Amino acid sequence: MSEARLALSTFRLENALVVTMNDDRAIVRGAVDVVDGRIVAVGTASGPSRGPTIDCGGDVVMPGLVQAHVHLCQTLFRNQAEDRVLLRWLRERIWPLEGAHTPETLAVSAELGIGELLRSGTTCLLDMGTVHHQDAVAETVAASGIRAMIGKAMMDAGEGVPATLLERTTDSLDESLRQARRWHGFDGDRVRYAFAPRFVLSCTAELQREVGRLSALHGYGVHTHASEQVEEVALVERLTGMRNVEYLESLGLCSPRAVFAHCVHVDGGERATLARTGTSVCHCPSSNLKLGSGIADVVRLRASGVNVALGADGAPCNNGLDGMLEARLAHLLQCATNGPGSLPAADALWLATRGGARALGWDSMIGSVEPGKDADLVRVRRGDFRSGSGGDADVYEELVCAGGRDLVRDVWVRGVQLVSAGELTRLDAAALAVRGRAALRDVVERSGVV
Ligand SMILES: [Zn+2]
C-alpha cells in the first residue's frame, strides 16, 4: 500500500476535460499535473512528467465532492427507519439504534459509509458523529484516506433521548475536547474537528454556549442541525421564545466556522443573521424529501449572501450517500419551487464542491482543480449515451442532470488513489457488506427495536 501511495502522489492525468470549478468556472482540455499530492499545473503540462502518466481518453476530471453533512454511524441503519417524520424517526428508530452501537459495529458502519461516499466521487465530508465510542469512527476515517471534519455528537438534554445517548454536560464537553485535541490537524490537516451539538432540542443552553466559546478560542468547527422541520422550530420557539437561528446566535454558535444542516424553515431575519455571521448552511435535499421536512429555499439563501453546501445526511433518511444525486436533486427542487434556471446545474455543482470547501474552511486547499490546491480529484467517464452530443458547454448538465455515480471511475485524495476503475483500493466492498449485515443484526438485537 505504501508503494502505491508514493507512486500515485506524483502523476499526470492527460487528455482530460477539466471542469475546474475555479472562480471563472473554466473548462479546459489537457493535463492535470500532480506532484506530491498537490496540483502544479492544469491544461498545459509542466514539462516532463515526474511520475506515471494516465491517459483519460477525454473523460472529465473535476474536483472531489464535499458533503457537509453526513452521519457515518448511521450507515448500518439504511432501510431501518421508514415512513416517519423527524422526531418520531429519531425517537422510535435512530436514537435507540445509535445508542446500541459498539466500537466494532461503529467501525463497520463508518467503513461502509466512506466506501459509498468515495465511489460516488465524494472526497471530503463533515460528520455529525455519535455520542459514545466516537474514536472508532475517527480511527476509521483516519485509516481510510478520505478528508474529513469530524466530531462527537453532543446530547445532554431532550425529550425521548434514550439513556444510552444522554450524557452529562461536563462529560460531553470534556470528551469533545479530548477528541478535538487528538484529531484536529491529523495527518497534515487531512482531518479536522468540529463540535457537534446535535440540535437545540437535545442540548442545554449551557453546553451550546460553551461550544461557542471553545470554538472561538481554539478554531474548531461547529456542526449542528437547525430548522429542519416545522414541529422542531415550534418547540424551539416555545422553549426559548426565539427563532432557531436567532437562538443559536444568542449562544455564540453562528460564525464562519459553523455549518447548520438543513435550514428549511428560516425567515428573512434568520437568513440575514446567517449571512452576516458567515455561517454556512448544508442543504440535504433527499433527507428533506424523505422525512417530509419541506424544501429549503436555496435560491433565497444564496441571494441573501449565505454560503450553501450539500450533503446526503444519514443513509437511513436518504437511503444512500450519493453526492451526485444530491446535486441533481438540489437543482431539480429549485426548478420546481423557484423556476427553471434559478439554480442551474453549474451552480448545483458549485454547492457540491466550492460551497462545501468554504463551509469547512478548506477553500484554499480543495474544491477546485487549480495549481496550488491538493489533488482531491474525480475522473468521470464520458462517451456513453448520457454524454449526448458530447459538447464541452453541456458538461455541467451531463454531470449533474444526466450522469450518475456509476460514471465515477477514479478518485484521489491528496493524490492517493482511493477508487480505481470504480473499485475501492483500500476496502474490500464484498467482505464489508457481509460484516455490515452481521453488525446490523448485533445492533438491532441489543437496541430492543423491533
Ligand atoms: Zn443529520
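## Reading a two-domain model

Modeller: Let's start with a helix: the buried residues of α2 pack against α8 (230–240) and α16 (429–447). Bear in mind that this is a predicted model.

Colleague: Fine. Which residues of α2 are buried?

Modeller: Look along the helix and read them off: L86, W89, L90, I94, W95, P96, L97, E98 and G99. Notice that E98 sits in that list alongside residues such as W89 and L90.

Colleague: And where does α2 bend?

Modeller: At R93, by about 35°. When you see a bend, check the residues after it for a proline. Here P96 follows within four residues of R93, and P96 is also one of the buried residues of α2.

Colleague: Before I read much into any of this, what is the mean pLDDT of the protein chain?

Modeller: It is 94, and 98% of the residues reach 70 or more. The part to treat separately is residues 1–7, where the pLDDT is below 50. Beyond near neighbours in sequence, that stretch has three contacts in the model.

Colleague: Now the domains. How is the chain divided?

Modeller: Check whether a domain is one run of sequence or several pieces. The assignment makes domain 1 from 2–63 plus 373–424, while domain 2 runs over 65–359. Their centres, taken over C-alpha atoms, are 29 Å apart.

Colleague: How many residues of each domain are in contact with the other?

Modeller: 22 residues of domain 1 are in contact with 23 of domain 2. On the domain 1 side, the elements that give two or more residues are α15 (395–402), β16 (408–413) and β17 (416–420). Of these, α15 gives the most, with five residues. By class, that side has 14 nonpolar, three polar and five charged residues.

Colleague: I'm used to seeing interface size as an area.

Modeller: That's another way to put it: interface size is often given as the accessible area lost when the parts come together. Here we have been counting residues in contact.

Colleague: Let's stay with α15. Which residues of α15 are buried, and what do they pack against?

Modeller: V395, Y396, E398, L399 and V400 are the buried ones. Their packing partners include strands β1 (11–19), β2 (27–35), β5 (60–63) and β15 (377–380), and also helices α13 (323–338) and α14 (345–359).

Colleague: Which residues touch the most other members of the largest nonpolar core?

Modeller: V32, V61 and L349, in a core of 141 residues. To place a core, ask which domains give residues to it. Domain 1 and domain 2 both do, so this core lies between them. Take L349 as a way in: leaving out residues up to four places away in sequence, L349 touches M21, A327, Y396, L399 and V400. Y396, L399 and V400 are among the buried residues of α15 that we just listed.

Colleague: A charged residue next. Why does E116 count as buried?

Modeller: Count the C-beta neighbours: the cut-off is 20 or more within 10 Å. E116 has 23 inside 10 Å, so it counts as buried. It lies in helix α3 (residues 103–119), and apart from neighbours within four places in sequence, E116 is in contact with G320 and L321.

Colleague: And D156, buried or exposed?

Modeller: Buried, because D156 has 23 C-beta neighbours inside 10 Å. D156 is in the loop between β9 (153–154) and α5 (169–183). Its contacts, not counting residues up to four places away, are E167, R168, T169, S172, C203, T204 and L207. As for T169, the two are 13 residues apart in sequence and 5.5 Å apart from C-alpha to C-alpha.

Colleague: What about backbone oddities? Which peptide bond is cis, going into N319?

Modeller: The one from N318 to N319, with omega near 5°. For a cis bond, look at omega and then at where the residue sits. N319 is in the loop between β14 (308–310) and α13.

Colleague: And what is the phi of D36 and of D189?

Modeller: Positive in each case, although neither is a glycine: about 50° for D36 and about 75° for D189. D36 is in the loop between β2 and β3 (38–43), whereas D189 is in helix α6 (residues 186–189). D36 counts as partly exposed because it has 13 C-beta neighbours inside 10 Å. D189 is partly exposed too, with 13 other C-beta atoms within 10 Å.

Terms used. Residues numbered from 1 in each chain as written. Predicted model: local features only at pLDDT ≥ 70, side-chain atom pairs only at ≥ 80, totals over all residues. Domains from an automatic or database assignment. Contact = placed C-beta atoms within 7 Å. Nonpolar A, V, L, I, M, F, W, Y, C, P; charged D, E, K, R; others polar. Bend = angle between axes of the 7 residues up to and from the residue. Buried ≥ 20, exposed ≤ 12 C-beta atoms within 10 Å, placed from the backbone. pLDDT = per-residue confidence, 0-100. Core = buried A, V, L, I, M, F, W, Y, C linked by C-beta atoms within 7 Å.
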